[in-house]
Amino acid sequence: NAFFAECFVDACAAAARQDPLTYRLALLRAQPQNKAAQRFIKVLEAAAAKAGWGQPMAPAAGAVVARGIAVAESFHSVVAEVAEVVVGPGDALRVRRVVAAVDCGVALDPVNVTAQIRGGVHFALSAALYGQIDIDQGRIKQGNYTDYRLVTLADAPVVDVVIVPSDAEIG
């Protein structure tokens, strides 16, 4: 549901002629007593800062470069991500960088938190870019990962993870 909700927020920001980050932060800051809103604000600000939101991006020859931002809560964790995307000739699409800021409560093992976030980004990109399930004579053709295309290291973006300090419940 986060994909649809965040796309709607982007559409609202565009209709209001506001920057998507500024729009989200204004909505959240309108709820100063809401602890969940404060977690969302912290991860949005951390992801935006690390990604250089509002700063020029490195150009790509013959391509358009853009950034997008989103925030979601799942499994008692709040994550904001900034994706830097290159759309090249022939509408070729490449995600070249993702910055993820996570508030997962007390990060008992920061190395594993970072690995889990990076793995989640790679698997989500696999689903978004290549995800397809084919049915042939009533049977699913992709029975396992050997039959399902995943993002490879050559296609994988740089994924920067920021763990936001928190005293929230462990997610």
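**Exercise 1. Place Ser 126 in its surroundings.**
Task: find which residues Ser 126 touches, leaving out residues up to four places away in sequence.

Solution.
Step 1. List the partners. In this predicted model, Ser 126 touches Gly 131, Arg 149, Leu 150 and Val 151 once residues up to four places away are set aside.
Step 2. Find the element. Ser 126 belongs to helix 4.
Step 3. Decide on burial. The relative accessible area of Ser 126 is 1%. Buried means under 20%, so Ser 126 is buried.

**Exercise 2. Judge how far to trust the model.**
Task: find the average pLDDT of the protein chain, and which elements have the lowest and highest means.

Solution.
Step 1. Take the whole chain. The average pLDDT is 93, and 100% of the residues score at least 70.
Step 2. Go element by element. Strand 5 (residues 139-140) has the lowest mean, 90. Strand 6 (residues 158-163) has the highest, 98.
Step 3. Recall the reading rule. Where pLDDT is low, predicted coordinates should not be read in detail.

**Exercise 3. Describe the fold.**
Task: state how many helices and strands the protein chain has, and in what pattern they follow along the sequence.

Solution.
Step 1. Count. The protein chain has four helices and six strands.
Step 2. Order them. The pattern along the sequence is α-α-α-β-β-β-α-β-β-β.
Step 3. Give the dimensions. The C-alpha trace spans about 55 × 40 × 30 Å along its principal axes.
Step 4. Add burial. Of the 171 residues, 34% count as buried.
Step 5. Look at sequence separation. Take contacts between residues at least 6 apart in sequence: 54% of them join residues at least 24 apart.

**Exercise 4. Check helix 3 from end to end.**
Task: work out why the span of helix 3 (residues 35-51) agrees with its residue count.

Solution.
Step 1. Set the expectation. Helix 3 has 17 residues, and at 1.5 Å a residue they should span 24 Å.
Step 2. Compare. The end C-alpha atoms of helix 3 are 25 Å apart, which agrees.
Step 3. Inspect the N-terminal end. Asn 34 caps helix 3 there, with a side-chain oxygen 2.9 Å from the backbone nitrogen of Ala 36.
Step 4. Inspect what follows. Gly 52, just after helix 3, has a positive phi of about 75°.
Step 5. Pick out buried residues. They include Phe 40, Ile 41, Val 43, Leu 44 and Ala 47.
Step 6. Find the cover. Helix 2 (20-29), strand 1 (64-74), strand 2 (77-87), strand 3 (93-103) and strand 6 are among what covers the buried residues of helix 3.

**Exercise 5. Analyse Arg 96.**
Task: decide whether Arg 96 is buried or exposed, then name the polar partner of its side chain among side chains.

Solution.
Step 1. Locate Arg 96. It sits in strand 3.
Step 2. Apply the cut-off. Buried means under 20%. Arg 96 has 16% relative accessibility, so Arg 96 counts as buried.
Step 3. Find the side-chain partner. The side chains of Arg 96 and Glu 84 share a polar contact of 2.6 Å.
Step 4. Check the backbone. A polar atom of the Arg 96 side chain lies 2.3 Å from the backbone oxygen of Ala 58.
Step 5. Add other contacts. Beyond neighbours within four places in sequence, the contacts of Arg 96 include Met 57, Pro 59, Val 86 and Val 158.

**Exercise 6. Map the largest pocket.**
Task: find which element gives the largest share of the lining.

Solution.
Step 1. Size the space. The largest pocket holds about 1,500 Å³.
Step 2. Find the lining. It has 44 residues, with Val 79, Glu 81, Gly 120, Val 121 and Ala 124 nearest the centre.
Step 3. Assign the share. Helix 4 gives the largest share, 12 residues.

Definitions and conventions. Residues are numbered from 1 along each chain as its sequence is written. This is a predicted model: local features need pLDDT of at least 70, side-chain atom pairs count only at pLDDT 80 or more; totals for chains, interfaces and linings use all residues. Side-chain values use heavy atoms; hydrogens and water are left out. pLDDT is the predictor's confidence in each residue, from 0 to 100. Helices (H or I, at least four residues) and strands (E, at least two) are DSSP runs, numbered from the N terminus. The expected span of a helix is 1.5 Å times one less than its number of residues. Buried means under 20% relative accessible area, exposed over 50%, partly exposed in between (1.4 Å probe, protein chains only). Contact means heavy atoms within 4.5 Å. A polar contact is a pair of N or O atoms within 3.5 Å; within protein, one must be able to donate a hydrogen and the other to accept it, and residues adjacent in sequence count only if both atoms are side-chain atoms. On a 1 Å grid over the protein atoms alone, a cavity is a set of points where a 1.4 Å probe fits but cannot get out, and a pocket is an open set with protein on both sides within 12 Å along at least five of seven lines; lining residues have an atom within 4 Å of a point. Grid points are joined across faces, edges and corners, and a volume is the space filled by probe spheres set on the points.
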